[in-house]
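Here are some comments for a colleague who is meeting this model in the first year of study. Please keep the structure open beside the text and look up each residue as it is named.

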Amino acid sequence: MDVVSVDIGGTHARFAIATIHDDGSITLGQPETLHTVDHASFQTAWEDFRDRMGGSLPPRVSMAIAGPVGGEVIRFTNNPWIIRPALVKEKLGVEQFTIVNDFEAVAHAVARASEDQFIHLTGPDKPLAPTGRLSVLGPGTGLGVAHLYREPDGTYRVSATEGGHIDFAPLDQIDDAILARLRKRHTRVSVERVVAGPAISDIYQALAAMEGKPVAEEDDIAIWTRGQDGSDSLAAAAVDRFCMSLGSVAGDIALAQGGFGGVVIAGGLGYRIRETLLKSGFAERFKAKGRFQELMASIPVKLIIHPQPGLFGAAAAFASEHGKAAK
């Protein structure tokens with residue numbers, strides 16, 4: 001069974017033809033990436049992709065969407081497209097469809113990805129638990145968080161959450177300084193203010209202020225670049241602090257969700273800083289949960305490295321909704 005798999009963000013819409021085999025396994029075709037600004041609507045982007053595929057598409061679609069997916073109208077934060085689920089079949093000419101939150105799709109990808117699609121970060125170097133609860137989180141423009149429960153019969157359930165909006169909990173004086181800076185602009189400081197991609201700018205500024213170094217406000221990408229290539233020791237310290245905070249948050253999410261069968265870090269940012277994560281204070285902060293340190297040390301923590309987890313996960317979500325067992 002072939003399905004059009006779509007991963008829609010603010011800047012890009014990615015399309016691919018996914019094949020869901022009879023045993024539930026999934027093969028993903030070559031992705032096509034379209035710029036949302038180049039298309040007036042999702043329907044015109046769909047038609048562009050259809051033309052690229054020779055003029056016809058399978059009568060099934062699964063969409064992973066960066067934003068809330070409930071309600072009669074789905075709106076995007078960073079592009080003007082809207083999707084009305086009641087009109088999907090008519091507008092796209094499909095017979096079946098699935099719509100999920102983008103991070104819900106990532107959790108579906110985690111559920112079905114093979115072991116070679118993960119690299120080990122900390123904890124025991126063993127596979128994720130085949131049954132029970134797993135926590136999935138990933139820093140990007142925001143912080144995505146989902147919950148995965150694996151049943152003994154091989155099926156699973158995924159829940160999208162808003163775990164990225166729990167309160168930030170400082171652990172030392174540097175965390176206190178970061179919080180103080182953020183509190184000047186935000187009445188309430190959530191963890192995604194500290195462990196999402198744009199947060200590196202505030203971390204960098206907070207560290208500079210501690211050292212009395214005047215630095216210009218600048219694009220977060222520039223700080224990430226200098227922090228990774230070693231050309232700026234202050235930026236490198238900011239990246240390391242980011243990794244430490246990500247470890248703290250990942251541990252908190254595991255405790256809150258009962259994700260003791262494993263924790264998975266997802267997203268392009270996590271993959272880009274994977275080598276830094278391994279050398280940083282991520283692992284120490286993940287385990288630093290007082291009386292639960294021994295429990296935290298028993299949890300395998302992985303990074304998913306599938307090149308298109310959103311597209312793969314959208315197809316997996318379709319398979320789950322429409323009756324193809326996970327394999």
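1. Thr 11, a place to begin. The model is a predicted one, and a convenient starting point is Thr 11, which, leaving aside neighbours within four places in sequence, is in contact with Leu 34, His 35 and Thr 36. Thr 11 itself sits in the loop between strand E1 and strand E2, the latter covering residues 12–20. Thr 11 also belongs to a stretch that UniProt, in an unreviewed entry, lists under "binding site", together with Val 6, Asp 7, Ile 8, Gly 9 and Gly 10.

2. Val 6, from the same UniProt list. Val 6, which the unreviewed UniProt entry also gives under "binding site", is part of strand E1, residues 2–8. Is Val 6 buried or exposed? Its relative accessibility is 0%, and because buried means under 20%, Val 6 counts as buried. When neighbours within four places in sequence are set aside, the contacts of Val 6 are Arg 14, Phe 15, Phe 42, Val 61, Ser 62, Met 63, Ala 64, Leu 311 and Ala 314.

3. Thr 33 in strand E4. Thr 33 has its place in strand E4, residues 32–35, and with a relative accessibility of 39% it counts as partly exposed. Its contacts, again without the neighbours within four places in sequence, are His 12, Ala 13 and Arg 14. As for a residue elsewhere in the chain, Thr 33 and Ala 177 are 144 residues apart in sequence, and their C-alpha atoms are 40 Å apart in space.

4. Leu 28 in strand E3. Leu 28 is in strand E3, residues 26–28, and is partly exposed, with a relative accessible area of 23%. From C-alpha to C-alpha, Leu 28 and Ala 16 are 6.8 Å apart, while in sequence they are 12 residues apart. Ala 16 is among the contacts of Leu 28 outside its neighbours within four places in sequence, and the others are Ile 17, Ala 18, His 306, Gln 308, Leu 311 and Phe 312.

5. Helices H3 and H12. Two packed helices are described by the angle between their axes and the distance between the axes. For helix H3 (residues 102–112) and helix H12 (residues 309–321), the axes come within 7 Å and cross at roughly 80°, so H3 is roughly perpendicular to H12. On the H3 side, Ala 105, Val 106, His 108, Ala 109 and Arg 112 take part, and they meet Pro 309, Gly 310, Phe 312, Gly 313, Ala 314, Ala 316, Ala 317, Ala 319 and Ser 320 of H12. Sorted by class, the residues of this contact are 9 nonpolar, 4 polar and 1 charged.

6. Helices H4 and H5. Helix H4 (residues 173–183) packs against H5 at an angle of about 115°, and their axes are 9 Å apart; these two helices are therefore roughly perpendicular to each other. The crossing of H4 and H5 is right-handed. H4 contributes Ile 174, Ala 177, Ile 178, Arg 181 and Leu 182 to the contact, and H5 contributes Asp 202, Ile 203, Gln 205, Ala 206, Leu 207 and Met 210. The classes in this contact are 8 nonpolar, 1 polar and 2 charged residues.

7. Two residues of H5. Asp 202 lies in helix H5 and counts as buried, at 11% relative accessibility. Not counting residues up to four places away in sequence, Asp 202 touches Arg 181, Leu 182 and Arg 185. Ala 199 is likewise found in helix H5, and it is buried, with a relative accessible area of 4%. Its contacts, leaving aside neighbours within four places in sequence, are Arg 193 and Val 194, and its C-alpha atom is separated by 15 Å from that of Gln 228, 29 residues away along the chain.

8. Helices H5 and H6. How do H5 and H6 cross, and at roughly what angle? The axes of helix H5 (residues 199–210) and helix H6 (residues 220–229) come within 8 Å and cross at roughly 70°, which means that H5 is roughly perpendicular to H6. The crossing of H5 and H6 is left-handed, whereas that of H4 and H5 is right-handed. From H5, Ile 200, Ser 201 and Tyr 204 meet Asp 220, Ile 223, Trp 224 and Arg 226 of H6, and the residues of this contact divide into 4 nonpolar, 1 polar and 2 charged.

Technical notes:
Residues are numbered from 1 along each chain as its sequence is written. This is a predicted model: local features need pLDDT of at least 70, side-chain atom pairs count only at pLDDT 80 or more; totals for chains, interfaces and linings use all residues. Side-chain values use heavy atoms; hydrogens and water are left out. UniProt positions are given in the numbering used here, feature names are shortened, and annotations may be inferred rather than shown by experiment. Helices (H or I, at least four residues) and strands (E, at least two) are DSSP runs, numbered from the N terminus. Buried means under 20% relative accessible area, exposed over 50%, partly exposed in between (1.4 Å probe, protein chains only). Contact means heavy atoms within 4.5 Å. Axes are lines fitted to C-alpha atoms, for helices over the stretch in contact, and angles run from 0 to 180 degrees between N-to-C directions. Angles under 35 degrees count as roughly parallel, over 145 as roughly antiparallel, 65 to 115 as roughly perpendicular and the rest as oblique. A crossing is left-handed if the near helix is turned anticlockwise from the far one by less than a right angle, and right-handed if clockwise. Ala, Val, Leu, Ile, Met, Phe, Trp, Tyr, Cys and Pro count as nonpolar, Asp, Glu, Lys and Arg as charged, and the others, Gly among them, as polar.
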